[in-house]
Amino acid sequence: MGGGDAPCEGPVHEVRVPPFSMGRSLVSRSAYQRFLEETPGESLPRFWCDSPWNERDAPVVGVSWEDARRFAEWAGCRLPSEAEWEYVACLSDAERLALGIESLFGKASQWLEDDWHVSYRSAPSEGTAWVDSPRSLLRVVRGTAWFHSPALARASMRCWDQPQARDDYIGFRLARSDP
């Protein structure tokens, strides 16, 4: 996973995020198990049998961006946009607690829908995912994982990884546009 230095966190820009819902927590292994049972042909995530990642309610890790997208589609949802994720991350702890949002920082970093861009220059202002055509070779990862320094647990922290990566520190959560 790359990125994370301050130059990729700007420039500051205003974004209007339309109504959306975000999963309260990272997708769990038990939810991913149902997906695996109902979609023959899906491969087991990397680290599926490894401790400490084999606890039923632990976040599923070792899934690629493509795996996360297929799960989201199966669940009738999508991956959050970078703007949506940051909007939730910028809420106060009390606001996130009231919404039941947990684990933005500390358990696993999270795949987002967006392609990686070095800066926010030319980023969409309506809160949608910033997707290139054709897709770029990297995807945005936000949040921090179990091994990151607490100093990195901030809303503006941005990273990237290759969409086929199956790391033990990247999971995902779901989002849905509200009517």
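**Entry 1: Arg139**

I began with Arg139 and asked whether its place in this predicted model is buried or exposed. At 5% relative accessibility, Arg139 counts as buried, because the cut-off for that word is under 20%. I then looked up where Arg139 sits along the chain, and found Arg139 in strand β4, which covers residues 139-142.

Next I listed what surrounds Arg139, setting aside its neighbours within four places in sequence. The contacts of Arg139 include the tryptophans Trp65, Trp111, Trp116 and Trp160, and also the acidic residues Glu113, Asp114, Asp115 and Asp161. Cys159 and Pro163 complete that list. With Asp115 there is also a polar contact between side chains, at 3.4 Å.

**Entry 2: Asp115 and its partners**

From there I turned to Asp115, which forms a salt bridge with Arg135, the closest N and O atoms being 2.8 Å apart. Asp115 belongs to strand β3 (residues 109-115) while Arg135 belongs to the loop between β3 and β4, so this pair ties together parts that are 20 residues apart in sequence. Are the two partners buried or exposed? Asp115 is buried, with a relative accessible area of 1%, whereas Arg135, at 29%, counts as partly exposed. I noted, too, that salt bridges with shared partners join Arg69, Glu113, Asp115, Arg135 and Arg139 into one network, which brought me back to the residue I had started from.

**Entry 3: other salt bridges, and cysteines**

How many salt bridges does the structure hold? I recorded 13, and I looked at two more of them individually.

- The side chains of Arg78 and Glu84 meet in a salt bridge with an N to O distance of 2.7 Å; Arg78 is partly exposed at 24% relative accessible area, and Glu84 is buried at 4%.
- The side chains of Glu14 and Arg16 meet in a salt bridge with an N to O distance of 3.3 Å, and here I found Glu14 exposed, and Arg16 exposed as well.

I also searched for disulfides, and the structure holds zero. Among the cysteines, I looked up the accessibility of two: Cys49 counts as exposed at 60%, and Cys77 is partly exposed at 21%.

**Entry 4: helix α2**

I then went to helix α2 and asked which of its residues are buried. They are Trp65, Asp67, Ala68, Phe71 and Ala72. These residues cover an arc of only 160° around the axis, which means that they lie on the same side of α2. The buried residues of α2 pack against α1 (29-38), β3 and β4, and I recalled that Trp65 is one of the contacts of Arg139.

I checked both ends of the helix as well. At the N-terminal end, Ser64 acts as a cap, with a side-chain oxygen 3.3 Å from the backbone nitrogen of Glu66. After α2 comes Gly76, whose phi is positive, near 75°.

**Entry 5: confidence**

Last, I looked at how confident the predictor is. The protein chain averages a pLDDT of 90, and 93% of the residues score at least 70. Which elements have the lowest and the highest mean pLDDT? Strand β1 (residues 2-3) has the lowest, at 48, and helix α2 (residues 65-74) the highest, at 98. Over residues 1-5 the pLDDT is below 50, although in the model this stretch has 18 contacts beyond near neighbours in sequence. Where pLDDT is low, the predicted coordinates should not be read in detail.

Terms used. Residues are numbered from 1 along each chain as its sequence is written. This is a predicted model: local features need pLDDT of at least 70, side-chain atom pairs count only at pLDDT 80 or more; totals for chains, interfaces and linings use all residues. Side-chain values use heavy atoms; hydrogens and water are left out. Helices (H or I, at least four residues) and strands (E, at least two) are DSSP runs, numbered from the N terminus. Buried means under 20% relative accessible area, exposed over 50%, partly exposed in between (1.4 Å probe, protein chains only). A polar contact is a pair of N or O atoms within 3.5 Å; within protein, one must be able to donate a hydrogen and the other to accept it, and residues adjacent in sequence count only if both atoms are side-chain atoms. Contact means heavy atoms within 4.5 Å. A salt bridge is a side-chain nitrogen of Lys or Arg within 4 Å of a carboxyl oxygen of Asp or Glu. A disulfide is a pair of cysteine sulfur atoms within 2.5 Å. pLDDT is the predictor's confidence in each residue, from 0 to 100. The arc is that of the directions from the helix axis to the C-beta atoms.
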